[in-house]
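Reader: I have some questions about how the terms are applied here. Let us take them in turn.
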Amino acid sequence: MNSEATAVERGGPFDRAARAVRVAMDAAVRGMRPARPVESSPLGSGRRNQRLLTIAIAALVSAGMLAAGSGGYLYAKAAAGQALLHWAWARGAANGTPVKPWPWADTHPVARLIVARQHVDELVLAGASGRTLAWGPGHLDDSAPPGAPGNTVLSAHRDTHFRFLQHLVPGDDIVVELVDRTRRHYRVRDVAIVDVRALRIPRDTAVPTLTLVTCYPFDAVMPGGPLRYVVVAEAEGHVRGRPLLASAAAAALR
Amino acid sequence: MAQAGRAMARGAGFGAGAWRDIGRLLLESVAAGTLVSLVLGLAVFIVATQAHAAGSGDVRQGTLVLRDADGGKVVAPLLFTDVHMDVSGMTARVRVVQRFVNPTSEWREGVYVFPLPEKAAVDHLDMTIGERVIQGQVKERDEARRTYEAAKADGNKASLVEQERPNLFTTSVAHIGPDETIAVAIEYQQSLAYDTGSFALRFPLAITPRYIPGSALAETTADSNVGSGTVAPTDQVADADRITPPVVVPGTGAVNPVAIDIDLNPGFPLARLASTYHDVRIEERTGHRYHVTLADGAVPAARDFELAWTPDVGAAPGAAVLTEERDGRKFALLMVLPPVTDAAAPPAPREITYIVDTSGSMEGVSIDQAKEALVMALERLQPGDRFNIIEFNSVTRPLHAAPVPVDATTLAEARRFVRSLRAQGGTEMLPALTAALGTARSDTAMRQVVFLTDGAVGNETELLRLIEARLGDRRLFTIGIGPAPNTYFLKKAAEAGRGTFTFIGDVREVKEKMGALLRKIESPVLTDIDVVWPGGVVAYPGKLPDLYAGEPVVLTAELQDAKLAGPVTLAGVRAGKVWTATLPLETGGGTNAPGVGVLWARDKIEALMDAKRNGAPADEIRKEVVATALEHHLVSAYTSLVAVDVTPTAPPGTIAKKSALPTNLPEGESYSAIFGGLPQTATPGPLLLVAGALALALAAMLAAGRRLARGRDVVHDAVRVVDAAVHAARRVC
């Protein structure tokens, strides 16, 4: 500005400079929007289009916030549920009966799942309906109760409570704490990715077994794929029994 | 604070127009938001599906992926089926041509598991390769299998048809060359079902995936007879691997198109002729003959086909005798329709137990049909009756521990129970039947069990045994539900339960079919049926079942003396009185009805297999079945048809990859309810987060774009200001 002011005083050079600036700016304007009035901006001519643009942006922001919010809510619920469940479990320990984690809950914790190496300490709920799985891993009603002989099948979401399954390897120790606060140790025997069509999980295994199931791939965006990630663990101190995953290609597992 | 105050003041000063503007703005926001969400959802879906496909495609090295026998990654041979039926009077001759097309560049062996009517007497196989036609031979099952394997080892083309269940068969075709087609044709004979004044011809086109109870057997046989199914044999279903073909994943397109073409010669004028579940084109020809084809040419094999016709009033047959003379032997098929009973006595107080299958295979259209049927059945209950409902899937859940009296309260409770039914889980039928057949005897009531199911189980024999052992004085009625019920099990269960069966394949049929069944089950119309022949015969079934309203007596017999003639007398008890009917048995001359002998042989084999189930020595039964089947060229549990091309075509040392041909999931059934026995274990969380992020990113882009546009205005204004300044400056200068 200072130099311009001086240039004005100088007269001649100012004229040249001013013309140069004008030409440059005109060129810039033409480059961006060739000589058109403001009203016919490509993003909206007139006030109406400007308002539409505002609405579109507002809609996008609200839709985005809503979607991201509901997504976040799922994870918040998964985390909060576990906190409440730990509290219920601790209370249950005091009087020995299952305690509902919140008054309107239609489920209750049936076991506590601990994998020290993965810093996992989760409470398992009775039943594996969609409503239950939002809060924690679920125990399939038709499988053996935790700690009982047979196959205990637990299921949880791949992106929350059972995300850690991807890090389990054969030989890992899994601890299940029962309602009576006794603890059972299981050792991971098999890890497999199976197509749900080919998957059958026997319920009456000779060796007390813990089967953990979640969806696969872990990082897929869309829910509802056909693949499942299955971790089979056997109670410690038992001899190997019958095949644990029965399927047409079960042989491939061993 | 001050700003807030000003804003408030301004807000208070809004006129009606401003509020309208705000309202419009809100509406427009909502509309725009919905649109944007839809578009984004679609975009995310496309992106994510691709990401997902990539995710499952490149499963990490060293991990174990179990899929169907083919790994789901190899293209299997394609299959096209053409069905031609020749219906004449009371019997039908059906030719099923399965064309296996190999679109790959490798040699392939195709294995296809498919359904046929449970009464089909399969007696013919031929294989067409180009111009050559090779006839199939009947052999004992193991021998046929060895013949087939030997031909395969020599590089010869061969085909094999084996029976897994009376209504479930497997075709294997070895050495289908690259881009080659091999046509395998199967023919069977069947008698038609005549019930309540109508004939029905049912052709099953799909298999509801069978539930396999039990736990997997440890030893896996290295036997070549091992099936290509998706479920390993269990202690309850030893051949599970042979009856569980892979099922097409939804969304990947239907397979196995079927064309059907029927020549119908009912032998009398018709009042009605219609296909129950498919659109057909019917051409009438001279002499009450009809030609029926599918209207759409070919349809995916995804639901059972049924053609039904009703004779004109007065034209309905009351009785019929068909005979066939073959190789000096004489066979007869006899059908008698007892006249309709006069006004039925009011039904005695009854005790009815309804068993309803709520397993995963019932999810979709089937459970709706079952619920509708149950509600109708409840309406029909009378005061004084007692009832109970037992629901089962993986677990059995009775409404009441024992049948309760019918009153407003119990009926309302029952309706609530029915409404709350949801289909999911396994088909553990044994405990449910045990519960229904295990209640203590009540004194006066007539006890009935009505069983609603699709019969999609693999342990039929065990279940039939249980029904026979526990039935007592009860009657068991079966209602086959859904687009592709297991008709063999449902009919056999009704037979073992001394009741009758009905099929409901569409929710629109519920009212009519249930009405007919409920009227039927009020009482059998004819019991203690006995047939007196003019001479020695071997007739099947040996002991005739009780008849319900509208059902005919149907018998097949071999006459010991080919010259035998004279009246056949039927006697039975109808409404407490003895009823008799006499039919002339013509021999010598007369019309020869081909196929009657085969039907008789098939009935004989069925009677033998029933005896085996009831404890007859298995070895003796086997011997007799094999002898009968070999004599009549029939496929049975112990005999198969095999065709071998003697000219080797595959290059020496070719190992044709075995491909299990997938089958369609029956229309209206739910894939995830059947195969996803596990809960859905992925939240929509990641999807929501990605969609949200995308929406916000787009909003940011739009906002930035607008600012840029405004920025241009600023530049424009700046140019004008500079311009004016320059002019002013010049003037000043």
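Reader: What makes a residue of chain B count as buried, and what share is buried?

Author: This is a predicted model. A residue is buried if 20 or more other C-beta atoms lie within 10 Å of its own. In chain B, buried residues make up 45% of the 733 residues.

Reader: What part of the contacts in chain B joins residues 24 or more positions apart?

Author: Among contacts with a separation of 6 or more, 75% are between residues 24 or more positions apart.

Reader: How do you know which residues of domain 2 and domain 3 of chain B are in contact, and how many are there?

Author: The test is C-beta atoms within 7 Å. Eight residues of domain 2 of chain B are in contact with nine residues of domain 3 of chain B. The side belonging to domain 2 of chain B has three nonpolar, two polar and three charged residues. The C-alpha centres of these two domains lie 32 Å apart. In the domain assignment, domain 2 covers 319–339 + 526–614 and domain 3 covers 350–520.

Reader: Why are E31 and E32 of chain B called paired strands?

Author: Pairing needs at least two bridges found by DSSP. Strand E31 (residues 566–574) and E32 of chain B have nine bridges, so they count as paired, in the antiparallel sense. One of the bridges has Pro567(B) with Pro584(B) in E32(B) as its partner.

Reader: What makes E28 and E32 of chain B edge strands?

Author: Each pairs on one side only. They belong to an open sheet of three strands in the order E28-E31-E32 (chain B), with antiparallel pairing. Its twist averages 15° from one strand to the next.

Reader: How do you know that E4 and E34 of chain B pair, and in which sense do they run?

Author: Four bridges join strand E4 (residues 108–115) to E34(B), so the requirement of at least two is met. These strands run parallel. Gly110(B) stands opposite Ser659(B) in E34(B). Both strands sit in an open sheet of six strands, ordered E7-E33-E8-E9-E4-E34 (chain B), with mixed pairing. Strand E7 (137–140) and strand E34 (657–660) are the edge strands. The twist averages 25° from one strand to the next.

Reader: What lies between E5(B) and E6(B) in their hairpin?

Author: Two residues. Gly130(B), in the turn, has a positive phi of about 60°. Strand E5 (residues 121–129) and strand E6 (residues 132–135) of chain B run antiparallel and are joined by four bridges. Met127(B) stands opposite Ile134(B) in E6(B).

Notes:
Residues numbered from 1 in each chain as written. Chains lettered and ligands numbered in written order. Predicted model: local features only at pLDDT ≥ 70, side-chain atom pairs only at ≥ 80, totals over all residues. Domains from an automatic or database assignment. Contact = placed C-beta atoms within 7 Å. Nonpolar A, V, L, I, M, F, W, Y, C, P; charged D, E, K, R; others polar. Buried ≥ 20, exposed ≤ 12 C-beta atoms within 10 Å, placed from the backbone. Axes fitted to C-alpha atoms, helices over the stretch in contact; angles between N-to-C directions.
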